[in-house]
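Student: Could you take me through one part of this model in detail, at the level of individual side chains? I would like a connected account that begins with a single pair and then widens to its surroundings.

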Amino acid sequence: MTVIDNTGSAAQAMPQLQLPERDLKRSLVNLAGWAVALAVLAWAWEGSEMNPLALVQDSANMAEFASGFFPPNFHEWPTMLQEMLVTIQVAIWGTVLAVVCSIPCGILSSKNIVPWWVYQPMRRLMDAARAINEFVFAMLFVVAVGLGPFAGVLALWIHTTGVLAKLFSEAVEAIDPNPVEGIRATGADGIHEVIYGVIPQVLPLWISFSLYRFESNLRSATVIGIVGAGGIGMVLWEFIRGFYYAETAAVMIIIIGTVTVLDMISQVLRERFT
Amino acid sequence: MTSDPAPAIRVHNLSKTFRKGFQTTRALDEVSLEIVSGEMVALIGASGSGKSTLMRHISGLMLADKAGDGMIEVLGYPVQEGGRMARGVRLVRGRVGVIFQQFNLVDRLSLMTNVVLGVLGRIPAWRGWFGLFTRDEKLRALEALRRVGIDQYASQRASTLSGGQQQRAAIARALVQGAEVILADEPIASLDPESARRVMENLARINREDGITVVVSLHQVDFATRYCPRTVALRDGQVVYDGPSEALTHEFLRELYGAAGEELILPGPIGGPAPKARSAAHLRPASA
Ligand SMILES: Nc1ncnc2c1ncn2[C@@H]1O[C@H](COP(=O)(O)OP(=O)(O)O)[C@@H](O)[C@H]1O
Ligand SMILES: [Mg+2]
């Protein structure tokens, strides 16, 4: 008898499955969130003078404008290719200099490596380098060192250092501290710890980040020519300003081709390193 | 312990309190300990009893409480005193090899490189920065790898090796370091029984052949009785036993630790013949 009684009470004690109750407070907060998001969208719509109707009303104009681009005119292809190569060269040096500087700057921005009075100032400096667009740096350097690709290299260098140092330090902060401690325990100094304990752990990520920034710098380098910092952008700007749309189309095709090919190469390399 | 032979490790009145928010843990409670040069000592205790904390203090990786007169000396040199690191602690670290439960090798470096890094504390710093190790130093590393039976994997990345092999590489690194004292913190806790046995035998052998002082923390008392003449037992940060390992019968352990003592006892005997009959173990080819 007792046995049956026991199993009976056990079955009763088994709690019924119950869905969690709807939480009124959370639903209200949710609703308020949506209201705020919609308000922000409406506010930004005003400021941007959004006017979808113009797309329809001026469609005839736009069609005519677009037809000016066809057929693309590759007449001046030697200059175009020449300048495209300059752009690639600018992107290479801008990236390489930035990578070299980002190694110390990234390590000195890492919480787990240096005390706060080192990483705080270093981070703020990198924030500043990152906050200013490379386009702005290019305009400044054109004034400082004159028209030409070198101004472009300097602009990419500064801005990219800001970006890569942050990415590098994030990788450093995510490392496994144990191998570093293993090296410290042999009586090694702080620099040894970084070289043998930290860098081997972050290297694949660092390489991947650097290649990714190279891709992005190549796209930026095509634009900074517009402010006089050399390369294909300068040519592009000349054509647009002179209403040579067929030539503009040719330059755009060259840019698309080059960027696509180099992106693909860089992606293949990145995959090999991770 | 008499201070007749030079003490390799002297710990005096060491206390360590961890604070996390409002919670405080007294991980070490006035620990005093003396270990003579050439001894092989086991440090046992349930998890959380303070074994790792004590090891990290002795190797100069962690500072004791400022209050009190806690003091550590290794090979006659001060490591820390009154919660402050001694000045020459980096030199002392160079003479103390540390073996960790998680091996703490650098995964992406070859076994050879990992082991040659043992010389970092003894060569001019700049040579280390540029990786300029001499032929002699590299040969030393290879020789150490051979002693622990894994020289055939010298050029492989550390991450490609089994736990037991990585732990033996860590021992090789301590050998290259020329360590006079080796602190091994649960070196066999994440290994299978066969690898564990091999790691313990390597430690026992360098203790016997090179006269290196070895302190090894163990989770299971059977390994202590087998390989270490002397055992120090910790409970809640206090030394509750310090004496011959033979006295540590299962009954005595239950007396020391109560129910928590069960985790210190292996369910079965450790495999293989007694270690004394295996002094030629290193001549056997090591297998994976
Ligand atoms: N870094 C730390 N911060 C806070 N508490 C710690 C830390 N390290 C260890 N402890 C605490 O100190 C006590 C002893 O830990 P530990 O020395 O790791 O023991 P064992 O190695 O014997 O398992 C434990 O209660 C643990 O929670
Ligand atoms: Mg531990």
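Tutor: Let us begin with a pair in chain B, bearing in mind that the model is predicted. The side chains of E137(B) and R127(B) meet in a salt bridge, with 3.0 Å from N to O. The two partners come from distant parts of the chain, since R127(B) lies in helix α4 (residues 125-129) of chain B and E137(B) in helix α5 (residues 135-147) of chain B, 10 residues apart. As for their surroundings, E137(B) is buried, with a relative accessible area of 10%, and R127(B), at 15% relative accessibility, counts as buried as well. Both values fall under the 20% that defines a buried residue, so this salt bridge joins two side chains that are each classed as buried.

A second pair in chain B is arranged within one helix. R197(B) forms a salt bridge with E201(B), and the closest N and O atoms of this pair are 3.2 Å apart. Because R197(B) and E201(B) are four residues apart in helix α7 (residues 193-210) of chain B, about one helical turn separates them. Here too the partners are covered: R197(B) is buried, with a relative accessible area of 8%, while E201(B) counts as buried at 12% relative accessibility.

Further charged side chains of chain B are joined in a group, for R147(B), R205(B), E209(B) and D210(B) are linked in a network of salt bridges.

A third pair involves strands. R10(B) forms a salt bridge with E34(B), where the closest N and O atoms are 3.9 Å apart, a value that still meets the criterion of within 4 Å. This pair links distant parts of the chain, with R10(B) in strand β1 (residues 7-20) of chain B and E34(B) in strand β2 (residues 23-36) of chain B, 24 residues apart. R10(B) is partly exposed, its relative accessible area being 27%. Taken over all chains, the count of salt bridges comes to 25.

Leaving the charged pairs, one glycine of chain B also deserves a look. G261(B) is placed in the segment after α9 (250-257) of chain B, and G261(B) is buried, with a relative accessible area of 0%. Between the C-alpha atoms of G261(B) and E251(B), which are 10 residues apart along the chain, the separation is 9.4 Å.

For the wider setting, turn to chain A, which has 12 helices and zero strands. The radius of gyration of chain A is 28 Å, well over the 19 Å that the globule rule gives for 274 residues, so chain A is more spread out than a compact globule. Along the principal axes, the C-alpha atoms of chain A fill a box of roughly 100 × 70 × 35 Å. Of the 274 residues in chain A, 38% are buried, and the accessible surface of this chain comes to about 16,700 Å², with 69% of that area belonging to carbon and sulfur atoms. Among contacts in chain A between residues at least 6 apart in sequence, 74% join residues at least 24 apart. Finally, chain A carries 14 positive and 22 negative charges, and the mean positions of these two sets are 8 Å apart.

How values were computed: Residues numbered from 1 in each chain as written. Chains lettered and ligands numbered in written order. Predicted model: local features only at pLDDT ≥ 70, side-chain atom pairs only at ≥ 80, totals over all residues. Heavy atoms only, no water. Helix = DSSP H or I, 4+ residues; strand = E, 2+ residues; numbered from the N terminus. Rg over C-alpha atoms; globule rule 2.2 N^0.38 Å. Buried < 20%, exposed > 50% of the residue type's maximum accessible area, 1.4 Å probe, protein only. Contact = heavy atoms within 4.5 Å. Areas by Shrake-Rupley, 256 points an atom, 1.4 Å probe, with all protein chains shown as cover. Lys, Arg positive; Asp, Glu negative; His and termini not counted. Charge placed at Lys NZ, Arg CZ, Asp CG, Glu CD.
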